[in-house]
Every structure is written in C-alpha cells, then in structure tokens.
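Visitor: I have a structure before me and should like to be guided through it by questions. May we begin?

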Amino acid sequence: VPDARTSIWTWAFGLALLAGLLVLPQVLSFSQREIAVLLVINVLVVVSYRLMTLTGEWSLGHVVLMGVGAYASALFSKRLGVPVPVSMLLGAVTAGVAAAALSFPLFRMKGFYFLIGSFAAGEVIRLIWKYFTFPFGGPKGLKLIPGFPDIGPISFFEPETYYYLCLVVVAVSVFILYRIERSRIGLTFHAIHWQDKLAESVGVDTFRYRMLAFVLASFFAGLSGALYAHYIGTVNPTRFDVEEMVYVLIWAIVGGTATFYGPIVGVVVLTVINDVILRSLGLDEARPMFYGAILIASVLFLPDGLESLVPKIKRMFGGAKSTPDRKVAEAREAS
Amino acid sequence: MTELILQTIVNAVYAASYMSLIAVGLVLIFGVMGVINFAHGELYMAGAYTVVALYSLFDWPFFVSVAAGLVFVGVLGLVMEYALFRPLRDNPLGGLIASIGFLLILQTTAVLGFGVRMAFIKPPTQAKIEMFDGVVLTHQRLFVIVAAIVLLTALYFFLRKTRFGWAMRACAQDKEAAALQGISLNQVSRIAMFIGAALAGVAGALTAPLVSPTPYMGHSVIVTAFIIIIVGGIGQIEGAVAAAILYAFVHTFVTTFYDGVVADIVGLVLMLLVLVIKPTGLFGAKDRA
C-alpha cells in the first residue's frame, strides 16, 4: 500500500527546496552568489559523473570533457559568431563526440587501468590546448568569451540572473539524467556494473552501453563547461586539470554514489563547508588542511557516504513509519 | 651532436633513477595493500623538505639529513598505514580519498612551515665527473643514481631471499591464502608502507638540492609515477623499473630535442598505445583489473 503521508512529505520537501533555491540569491552576498552559480554548475558535473560510474568505471577525464564543452562553445561563439545558446549546445555535442572517439581506446581497459587511461587521454587533450596557441590560446587560454545574450529586459551579466539561467538548464538536465537512469538503459548500466559477463551472455553489447554512458555523461559535462565558460568569460588549461577532477571524485565519493542524490549532497555539503564555513573562519592558507581532515574523517566514519545519513534522518522524523527504503532494509536483514 | 646525445643519455639515466625509486614504492604499496596512494608525491616532497630543514636551516651534514629524511618519511608511511589504510582495507576508493586528504594535510603543513616559494638549497658538493669533452655528471646526480641502484637491488634481494619478502609477495598475490598460512597482514602492510614511503623520501631528499623544492612539487611526480606503473603493469616491480627507464629516456630525449610539453604528450600517447595493445601493461598479468 503506497503511503499517502510519505508522498505528501516528499511533495512538501520538494516545494520547500524549490522555494529555497528560488529565493537563495536574494539572501546571499555578492561573492556568495558567485559561489552559488558555480555550485549549480558543479551539481550538473557531478550528476553526469554519476551516470558514468553506473557502469562501474571511474573516469579521471570527466573535467577535461567539461573543458571540451567549454572550449568548443567559446570557440564557436567567439570565432564563428554562433549565437551563445546554440554554441552551448554545440559545445555539449562536441564533448559527446570526443567521448565517442575516446571510447575506442579506453574501453579496452577496465578498473584501475581505465582510471589512469582516462586520465592520460584527458591530459593529452589538455596539453594540446596548452601547446597550440591557435585556436586554443595556449597556456593563457581563451579570453573575452561572449556572454549569454539578453532576453528582453533581462541581462545575464549579473550572477543573480545567471544563477536562474543555470538553475533552469541544470534542473532540466538533471531531470533528463534521472529519467535515463530509471529507464531500461539505466537498468542495463547497472547490470553491466554488477554482472558484465552475465549481461553479455543475455545479448547486451557491453561496449556499446559503456560508450553510451560515457557519451551521455560527457554531453552533460560539456554543457556544464559551456555554462561555466560564458559566465566566467575566460577558459584556460589549468582550470580543467587533474586537481579539479580530484574534487569531482571527492564530491561523488564523500556524497556516496549508491543513490541519485548522493553526489548532489556531496557537492553541496563540501562546497558549503569549504567556501562558506572555512572561509568565514578566516583560515586562508590552512584551509586545505581542514578540508583534508574532513575528507579523512568522512571516509573513516561514513564509509557509505553522506547519503547513508538520509534514511537515518528520515527515520528520526518519521518515527517507526514504514517507508519503502525501510522495507527493503528490513527484507535484507531478514534474509 | 654526439656529445649532446651522450649528455642526454646521462641525464636520462639520472631521471630514470629517481623515477624508479618513486614508482617502485608506489607499486609496492599498491601490490600489498591494493590502495592507490595519491599522497606518494607528497611523501617525496616531505623527503625534500626534511633536507631543507635539517641541512639548510640547521646545518646538519647532508647525508645525515638524507638518512633522517628516509626515517621520517618512512614513519609518515607507518602513520598512513595505521590511521588510514588499515581501517579502510576493504574500501579501495575510501583509501584513495583518505590519501588525498593526507596529501592536502602534508601540502598545507609545508606551506605553513616553509612558505609557497621555492626553497633554494646550496648543493653539498659542486664536484663533477667529466667523461668526454663536455659530457658532465655532477656528483649530486651520481648520488641519486647510486642510491637507486643500491636500494633497488637490496629491495630485490629482500623480496626474493628473506621470509619477510616471501610473505610480502604472498600477500600481493592472494591476501586470504597468505593470511591462512599465518602471515600477519598488518605486519606485511606496515613493512610495505614503510619501505614504499622511505624510497619516495630518499628520492626527495637526494634530489632536493637539484630541483628547488616547493610544497606543490609532488603533483608532477605523481602523474609521472602513475604513467610508469601503468606502462609497467600494476603491481610489477620489475615492470615499474623497466617502464621508468623507458619513460625517462623517451621524455628526456624529446625534451632536449623538441620541448617539454611535446615530451609530456609523447609520454602519454606512448602509454595509451601500450594500453591499447596490451590493456594490462607491458609486464602485467593477463587477467588483473
């Protein structure tokens, strides 16, 4: 029997979240608004990264593919004069095409080899940006990237308005990613992760599905890169280096990747801790140390990620009410 | 032209020496504990800063400082093993994140203690060997080459000829079977972590006067070390040494005759080629993922 009260609470939570997101820029300072824009973009990065990890492969090339989207969108709009909204989509498509091409060498590898192989492929792309001054601008990158065009009286130059633009684009993308995961394709990704030989034996072409996951994840990473490029107005090879990638990996693992919301929780909580709380404490040079200590504490004490706290909190509020998650847990314990 | 080529060979031998010290430590840790130690470059940095502190600031003799660096970084390895990798033994991704956390802590400590600027160290000796006309090998570089040969040979005999070495190799092959034979996983992990970290520390300590340490020097080193252990096949010590030599020669020659960025690209493409042809590295076992 579906629990009517649970769904009311879910709706209430969803509406409260939406309202909170909509009023957020009004209550933040200017610099915090900038952080909020980047946070919304990073949510798309980390959610698309999770789609990739569904097939069981951990890539270290995701941020570089985000960069492919950023560079491509910047070049299309700046050098060829393509309107920015179109160039953003073209950037995302470029990232998807790049991922499709990279699939052929990379999906010969698995596990740790894939991890490092994807890293190497990403580094090659990044070094190409660094080496060729035309058209990529060399180590200094591309500057004066055109911004998003005004729609009527609304200018997207301010972080406040750009925040709403990002919110809409990211919400639509996250919804699409959610539907993909819940579709047959998503189930197949799960199957490949847990039982790739079995999946193959029932006729699943694991290479094509791995490639599909990689291309879809890279498309949305490229889109987030395009959102980034036209907001900041400049891109350079250092912005997409392995250090940035490590942050994405950290968000995903500290948040937990077993659920759809885990990585989102990870990126939001860690960004708030690092950019709001630690910064306001005034620990400029020592900030990475505290961040490192928090990472260690979180993997030691919350090995299943921040997401494992959510059912506990739900139970605390819901009392002994039997939620679907709880039923699954009880069934597991009983077996 | 001949002397340029000879000089480049000498430089490549030096590069291969310190790269194999770092890569072998990383391989040892991965082989025994199954965890990717992202903080390995920072262990190398910690070795370099031990020399900055003891030799440059407190005027200790150079080789005493290097020995202190070996012990200090080895102990750091023991701390990592005890505090991070032991509780996370069944959680390789957790171990990876924990080592990134430790990396940030070490880096920040170096920044707070010594500042972000390069630390200049007066080389303990300016002496050099002139082999042919113009081909030069400084003693400082010679120390690194000798240390690599001596330490790696010692490690080889340790792993092949002693009970500890057998136990360690048994753990690398099959943890459960090794534990059933009465081998203590904790002790083997401790020893592996100490040796692996100490090798990185020695490499850092000996190269400190040559490279001008910065708190972020570990970054490029770890990237190179990953390439090397992948080309060699993960968990293969001989493979790591062979790959270090191959990579050092290719990289040094391309850097000398073209440019550093091209050398990086060539190194990475070479590695991708190896992986496409043989997805488990040159020396890797056939079926290890």
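Visitor: Which residues does Leu28(B) touch, not counting residues up to four places away in sequence?

Guide: The model before us is predicted. Leu28(B) is placed in helix H1 of chain B. With a relative accessible area of 5%, under the 20% cut-off, Leu28(B) is buried. Its contacts beyond four places in sequence are Leu159(B), Met168(B), Ala192(B), Ile195(B), Gly196(B) and Ile237(B).

Visitor: Which residues is Met168(B) in contact with, leaving aside its neighbours within four places in sequence?

Guide: Met168(B) is listed among the residues with the most contacts inside the largest nonpolar core. Leaving aside neighbours within four places in sequence, its contacts are Leu28(B), Val32(B), Phe158(B), Leu159(B), Val188(B), Ile191(B), Ala192(B) and Ile195(B).

Visitor: Which helix gives the most to the largest nonpolar core, and with how many residues?

Guide: The largest nonpolar core has 193 residues. The helix that gives the most to this core is H1 of chain B, residues 2–33, with 17 residues.

Visitor: How far apart are the end C-alpha atoms of H1(B), and what span should its 32 residues have?

Guide: The reasoning begins with 1.5 Å a residue, and the 32 residues of H1(B) should therefore span 46 Å. This agrees with the distance between the end C-alpha atoms, which is 46 Å.

Visitor: How many of the 32 residues of H1(B) are buried?

Guide: Thr8(B), found in helix H1 of chain B, offers an example. Its relative accessible area is 1%, so Thr8(B) is buried. Thr8(B) touches Thr252(B), Phe253(B), Thr256(B) and Phe257(B), not counting residues up to four places away in sequence. Helix H1(B) is mostly covered, and the number of its buried residues is 24.

Visitor: What is the area of the nonpolar surface patch that includes Met1(B) and Phe132(B)?

Guide: The largest share of this patch, five residues, comes from H1(B). Phe132(B), by contrast, lies in the loop between strand E1 (128–130) and strand E2 (136–138) of chain B. Among the other members are Leu4(B), Ile129(B) and Tyr258(B), and the patch has an area of about 990 Å².

Visitor: How many residues apart are Arg210(A) and Glu57(A), and where does each lie?

Guide: Arg210(A) forms a salt bridge with Glu57(A), the closest N and O atoms being 3.7 Å apart. The pair links distant parts of the chain: Arg210(A) is in helix H10 (residues 206–232) of chain A, whereas Glu57(A) is in the loop between helix H2 (30–53) and helix H3 (62–79) of chain A; they are 153 residues apart.

Visitor: Is Asp275(A) buried or partly exposed?

Guide: The side chains of Asp275(A) and Arg287(A) meet in a salt bridge (3.7 Å, N to O). Arg287(A) has a relative accessible area of 16% and is therefore buried. Buried requires a value under 20%. Asp275(A) has a relative accessible area of 21%, so Asp275(A) is partly exposed.

Visitor: Which residue forms a salt bridge with Glu81(B)?

Guide: At 1% relative accessibility, Glu81(B) counts as buried. The closest N and O atoms of the salt bridge are 2.9 Å apart, and the partner of Glu81(B) is Arg86(B).

Visitor: How many salt bridges does the structure hold over all chains?

Guide: The salt bridges already discussed include the pair Arg210(A) and Glu57(A) and the pair Arg86(B) and Glu81(B). Over all chains, the number of salt bridges is ten.

Methods: Residues numbered from 1 in each chain as written. Chains lettered and ligands numbered in written order. Predicted model: local features only at pLDDT ≥ 70, side-chain atom pairs only at ≥ 80, totals over all residues. Heavy atoms only, no water. Core = buried A, V, L, I, M, F, W, Y, C linked by side-chain atoms within 4.5 Å. Buried < 20%, exposed > 50% of the residue type's maximum accessible area, 1.4 Å probe, protein only. Helix = DSSP H or I, 4+ residues; strand = E, 2+ residues; numbered from the N terminus. Contact = heavy atoms within 4.5 Å. Expected span 1.5 Å × (residues − 1). Patch = residues over 30% accessible without salt bridge, like charges linked within 9 Å, V, L, I, M, F, W, Y side chains within 5 Å. Areas by Shrake-Rupley, 256 points an atom, 1.4 Å probe, with all protein chains shown as cover. Salt bridge = Lys/Arg side-chain N within 4 Å of Asp/Glu carboxyl O.
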